[in-house]
Amino acid sequence: MVLRWLLALLVVTTLLGLYANEYWMTRHLVLDGRGAGQHLEVVDDRSSGGKSEARLDAPAGGPVAMRCEIRLGYEWPYCELQFEIKGQALDLRNFSHIRLSLHAEGPSRDHDAAQVRVFLRNANPVYTKPGNAESLKPQEVTFAPGAQPQPVELRLSQFAVSSWWAQTHQLPVSLVGPEMDSIRVISFSTSGQVAPGQHLIRVDRAELVGDWIAPETFRLGLVGLWMFSLLGYLVWESWTVHGRLRLSMKRSRALEKMALRDPLTRVANRDGLNRALELLLQVQGDMGFPLSVVFVDADHFKRVNDEHGHEVGDQVLVLLARTLRANLPRDDLLARWGGEEFVIVMPQTPAEEAVAVAERLRQVLARTEWPMGLKVTASWGVAQAAAAADVEAALREADQAMYRAKHEGRDRVISASA
């Protein structure tokens, strides 16, 4: 039930997270030349010996525009509207695209719609010289605003390093491609096909759009959430199972103390064993299987009573029960079945392991010092129950195996499966 609730919670969290990452975790940076750290400027080809002239038109509350008169004089005449970033440079790696509402007009050599070149100029100490704007790496996209539905969304992955700049700046291979981590200037320029005359570039709206958390990072975080949640569940489940097992063993000990005991040997009698078995199966359930049953019968016990009296016989039974109890490998159930016969119930123990335990106990009895210097041995029968329904049958089979041990010479361990 806990796992089902956990999976349901993870599924809901994942769906909400993906939706939120797509629609609620979007960041916007408006470029209007009036925001903090933004500075508007226009440049033209006069710095290169040309004659073109650019003029800034930025009315209060209105869109930013550049009016330009292109004149012949420089091989590649141009005018450019720049949004210069003062202070800390822009790191665009967490932005996905730039959304533009542009208007451009003016004559062109091919008589097509006026084109605009959008530049993202990056600074890097490897190639950028302080105070030298031309050393900023220009990354550009060229398009005709009038031929596109507005607004236009340009993916940052579409920007490529200007070929004319790359040819004049020899860079290491690692820096040949676009860089978006330190943008100093975002600009809008006339195209290379511009013709002499009056030109206008108006930026109605420009904004950078991205995610506060990159989708790849966010999805990796969701995978991590699933992994840590399931790991936490497994740890909790393991702790709970071990807790139940500890409680089970604690209850088993308490049950043994509460069960009916044989007044002579102080171990459970047959009724006490039956009651303890019922409670054990209720507490441990299927975790208690396989379960092994071992019948133990003292050899020639009638001879002990006849030759040495019942008092010595009782001492032998008490010492036999105490020896068995002291040498069991864990808190298995021990009961006096009747007369000189005892039963050991071993939960979570296959028959092979129970045979090994019985053999070890048989050898312990051989080394024990008995009253009156007696030599006391026992015959052992072992059987296994695979489920609760098999316990009664296992008791009968272990009893029969014990009698086989008697008939085959006593002082030995016989398994019902042998």
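**Exercise 1. Strand β8 and its partners**

Find the residue of β10 that stands opposite glutamate 140, then place β8 among its neighbours.

*Solution.*
Step 1. Start from glutamate 140: the residue facing it in β10 is alanine 160. You are working with a predicted model, where local features need pLDDT of at least 70, side-chain atom pairs count only at pLDDT 80 or more, and totals for chains, interfaces and linings use all residues. Residues are numbered from 1 along each chain as its sequence is written, and side-chain values use heavy atoms, leaving out hydrogens and water.

Step 2. Widen the view to the two strands. β8 pairs with strand β10 (residues 160-161) in the antiparallel sense, over two bridges. Strands here are DSSP runs of E with at least two residues, helices are runs of H or I with at least four, and both are numbered from the N terminus. Two strands pair if DSSP finds at least two bridges between them.

Step 3. Now look at β7, which runs antiparallel to β8 and is joined to it by seven bridges. Valine 118 has valine 141 of β8 as its bridge partner, and valine 116 stands opposite phenylalanine 143 in β8.

Step 4. Check the surroundings. In strand β8 (residues 137-143), six of the seven residues are buried, so the strand is largely enclosed by the rest of the structure. Buried means under 20% relative accessible area, exposed means over 50%, and partly exposed is in between, with a 1.4 Å probe and protein chains only.

**Exercise 2. Two open sheets**

In what order do the strands of the six-stranded open sheet run, and which stand at its edges? Then do likewise for the open sheet of five strands.

*Solution.*
Step 1. The order is β2-β5-β11-β7-β8-β10, with antiparallel pairing. β2 and β10 are the edge strands; each has a single partner strand, so one side of each is left without a neighbour in the sheet.

Step 2. The five-stranded sheet reads β14-β15-β13-β16-β17, and its pairing is mixed. Its edges are β14 (333-338) and β17, each pairing on one side only. From one strand to the next, the twist averages 20 degrees, an angle between N-to-C directions on a scale from 0 to 180 degrees, with axes fitted to C-alpha atoms.

Step 3. Take a closer look at one edge. Strand β16 (residues 378-385) runs parallel to β17 and is joined to it by three bridges, with glycine 381 standing opposite isoleucine 414 in β17.

**Exercise 3. The disulfide**

Which cysteines does the disulfide join, and what is its handedness?

*Solution.*
Step 1. Apply the rule that a disulfide is a pair of cysteine sulfur atoms within 2.5 Å. The count by this rule is one disulfide. It joins cysteine 68 to cysteine 79, with 1.9 Å from S to S.

Step 2. Read the torsion about the S-S bond of cysteine 68 and cysteine 79: at about 60 degrees, it makes the disulfide right-handed.

Step 3. Locate the ends. Cysteine 68 is in strand β4 (residues 64-70) and cysteine 79 in strand β5, so the pair ties together parts 11 residues apart in sequence. Cysteine 68 and cysteine 79 are both buried.

**Exercise 4. The largest pocket**

Which strand gives the most residues to the lining of the largest pocket?

*Solution.*
Step 1. Begin with the whole lining: 36 residues, with Tyr78, Glu80, Arg121, Glu134 and Trp164 nearest the centre of the pocket.

Step 2. List the elements that each supply at least two lining residues: β2 (38-44), β5 (79-85), β7 (116-122), α2 (163-168) and β11 (183-190). β5 gives the most, with four residues.

**Exercise 5. Backbone oddities**

Which prolines follow a cis peptide bond, and where do they lie? Is histidine 111 buried or exposed?

*Solution.*
Step 1. The bond from glutamine 150 to proline 151 is cis, with omega near -5 degrees, and proline 151 sits in the loop between β8 and β9 (152-155).

Step 2. The bond from phenylalanine 289 to proline 290 is also cis, with omega near 5 degrees; proline 290 is in the loop between α4 (270-284) and β13 (291-298).

Step 3. Turn to phi. Histidine 111, although not a glycine, has a positive phi of about 65 degrees. It belongs to the loop between β6 (95-105) and β7, and at 73% relative accessibility it counts as exposed.

Step 4. Aspartate 411, again not a glycine, has a positive phi of about 50 degrees. Its place is the loop between α7 (391-407) and β17 (413-415), where aspartate 411 is partly exposed at a relative accessible area of 27%.

Technical notes:
1 Å grid on protein atoms, 1.4 Å probe; cavity = no way out; pocket = protein on both sides within 12 Å on 5 of 7 lines; lining within 4 Å.
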